[in-house]
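Have a look at the fold below and follow how its parts pack together. We'll start from a single residue and work outwards.

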Amino acid sequence: MAKLRTFIAIDLPPEVVDQSQSLVRELDDFSGGIRWVEPENVHLTLKFLGEVRENETYQVCQAMKAAVAGIEPFEIECRGAGAFPKIERPRSLWIGVGEGAERLTQLFTAIDEAMADLGFAHDPKRFLPHITIGRVKQPGPWLSELSSQIEARRDFDAGAASVEEVVLYSSELTSDGPIYSPIGRSSLG
């Protein structure tokens, strides 16, 4: 049986995606050392599931639907540039979440628990909602300047997003970057 690499995410409105790309353009001096996320792939990941058998995706979608049924739609504020593991040693560049982060954490917890009931491991790390915009390919002396640029954009405003549904995606890794395909959608509330 075929396996799919999967994750559960929130789609973002075009305005937030456009703003994320304006931040990418501001940081583009470092583009040689950064692999930027393509605009069509910009999203907010709630839970990475990994390999799932194709015939198990229906169960995952049903559990996802049940997990979000009791959570009313809400707004989030996409704000602030940052990096993992930390700004001084950036490997993954992101836009954070301000207002609405607590609600997003509740949504993550509901999904994490529902997926644990299906045998997926609980996420061991504390959930830090973020929108990945790029990954450092090769560290170099330019990283300290990148860190300064990110620090200067701590209050970057990417706009607001309405969280009304979650999406189960498959992720096919290719030499040109990942291709994300929706498998199922579940509305909140």
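Start at V166: leaving aside its neighbours within four places in sequence, this residue is in contact with I8, A9, I10, L46, M64, V68, L107, I111, G184, R185, S186 and L188. Keep in mind that this is a predicted model. The average pLDDT for the protein is 94, and 99% of the residues score at least 70. Confidence bottoms out in strand β2 (residues 34-36), with a mean of 91, and peaks in strand β7 (residues 157-163), at 98.

V166 also turns up in the largest nonpolar core, a set of 54 residues, where it is listed with L46, L104, L107 and M115 as having the most contacts inside that core. Helix α3 (residues 101-117) supplies the largest share of this core, seven residues. As a rule, nonpolar side chains in soluble globular proteins tend to be buried together.

Now for the sheets. One is an open sheet of four strands, ordered β3-β1-β8-β9 and paired antiparallel. Its edges are β3 (43-53) and β9 (179-187); each has a single partner strand, so one side of each is left without a neighbour in the sheet. On average, neighbouring strands here are turned by 25° against each other, direction ignored. Strand β8 (residues 165-172) pairs with β9 in the antiparallel sense over eight bridges, and V167 has R185 as its bridge partner in β9.

There's also an open sheet of five strands, again with antiparallel pairing, in the order β2-β6-β5-β4-β7. Here β2 and β7 are at the edges, and each has a single partner strand, so one side of each is left without a neighbour in the sheet. The twist from one strand to the next averages 30°. Strands β5 (residues 89-97) and β6 (residues 130-136) run antiparallel and are joined by five bridges; the partner of S92 in β6 is R135.

What about the helices? Here is how they sit on the strands:

| Helix | Strands touched or crossed | Angle |
|---|---|---|
| α1 (residues 14-26) | β2, β4 (74-86), β5, β6 and β7 | about 155° with β7 |
| α2 (residues 57-68) | β1 (3-11), β3, β8 and β9 | about 45° to β9 |
| α3 | β1, β3 and β8 | about 5° to β3 |
| α4 (residues 143-151) | β2, β4, β5 and β6 | about 10° to β5 |

So which strands does α3, the helix with the largest share of the core, lie across? They are β1, β3 and β8.

Key:
Residues numbered from 1 in each chain as written. Predicted model: local features only at pLDDT ≥ 70, side-chain atom pairs only at ≥ 80, totals over all residues. Heavy atoms only, no water. pLDDT = per-residue confidence, 0-100. Helix = DSSP H or I, 4+ residues; strand = E, 2+ residues; numbered from the N terminus. Core = buried A, V, L, I, M, F, W, Y, C linked by side-chain atoms within 4.5 Å. Buried < 20%, exposed > 50% of the residue type's maximum accessible area, 1.4 Å probe, protein only. Contact = heavy atoms within 4.5 Å. Pairing = 2+ DSSP bridges. Axes fitted to C-alpha atoms, helices over the stretch in contact; angles between N-to-C directions.
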